[in-house]
Amino acid sequence: MDLLRLGCALIAMAVVTFSNYSAHAEVTRIEIAARADILSGKSFGTVGAYEKIVGKVYFSIDPTHPRNVAIVDVDKAPRDAAGHVTFSADLYVIAPKDVARGNGAALFDVLNRGRKNIIQQFNRASQVPDPTNEVVRRC
């Protein structure tokens, strides 16, 4: 998966996420820190192998925008040269290594305190903080 397509997909997900809430924000950049094969490149059906992509997404908001004034203490946050408040969020993506073999859908989880719940809730699986390696269950 090339970074341009990944970046576009992530920006689209951020736009959808923020459009459902009262805040108005812009994604200013995405930094990819690491990529790793899931389960050592194990193939999953017709999609094939998956990879884990870890990084940060950087945002910028105008604290005077009507949709942002309700954010607690936004008026007290430091501002950049443009008068905007900037912040970042962790990025954690599990994606097909060959995007053309995927179905084009994304399952998106808005994390709370870094917990990765989507795999557990979607697949009724065990809690897995890092699905790069297989979890061995002991009886």
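## Ser60

Ser60 counts as buried, at 7% relative accessibility. The model is predicted. The residue belongs to strand E2.

The side chain of Ser60 makes a polar contact with the side chain of His84, at 3.1 Å. His84 is also one of the residues in contact with Ser60 once neighbours within four places in sequence are set aside. The others are Ala25, Glu26, Thr28, Asp80, Val85 and Thr86.

## Overall fold

The protein has two helices and three strands. Along the sequence, these elements follow the pattern α-β-β-β-α.

Of the 139 residues, 24% count as buried. The protein exposes about 9600 Å². Carbon and sulfur atoms supply 55% of that area. Consider contacts between residues at least 6 apart in sequence: 62% of them join residues at least 24 apart.

## Aromatic pairs

A search of the whole structure finds two aromatic pairs. One is formed by Phe44 and Tyr50, and its geometry is edge-to-face. The ring centres lie 5.7 Å apart, with 85° between the planes. An angle over 60 degrees is what edge-to-face requires. Phe44 has 33% relative accessibility, so the residue counts as partly exposed. Tyr50 also counts as partly exposed, at 22%. The cut-off for buried is under 20%, so Tyr50 does not qualify.

Phe59 and Phe87 form a stacked pair. Their ring centres are 5.1 Å apart and their planes meet at 15°. Planes under 30 degrees apart count as stacked, so this pair fits that class. The pair links distant parts of the chain. Phe59 lies in strand E2, residues 50-61, and Phe87 in strand E3, residues 85-96. The two residues are 28 apart in sequence. Phe59 is buried, with a relative accessible area of 8%. Phe87, by contrast, is partly exposed, at 34%.

## A charge over a ring

Arg29 places its charged end over the ring of Tyr58. The distance to the ring centre is 3.7 Å.

## Strand E2 in brief

Strand E2 covers residues 50-61. Two of its buried residues are described above. Phe59 stacks with Phe87 of strand E3, and its relative accessible area is 8%. Ser60 has a relative accessibility of 7%, and its side chain makes the polar contact with His84.

Definitions and conventions
Residues numbered from 1 in each chain as written. Predicted model: local features only at pLDDT ≥ 70, side-chain atom pairs only at ≥ 80, totals over all residues. Heavy atoms only, no water. Helix = DSSP H or I, 4+ residues; strand = E, 2+ residues; numbered from the N terminus. Buried < 20%, exposed > 50% of the residue type's maximum accessible area, 1.4 Å probe, protein only. Contact = heavy atoms within 4.5 Å. Areas by Shrake-Rupley, 256 points an atom, 1.4 Å probe, with all protein chains shown as cover. Phe/Tyr/Trp six-rings, centres within 6.5 Å; stacked < 30°, edge-to-face > 60°. Lys NZ or Arg CZ within 6 Å of the ring centre and 35° of its normal. Polar contact = N/O pair within 3.5 Å; in protein donor to acceptor, adjacent residues only side chain to side chain.
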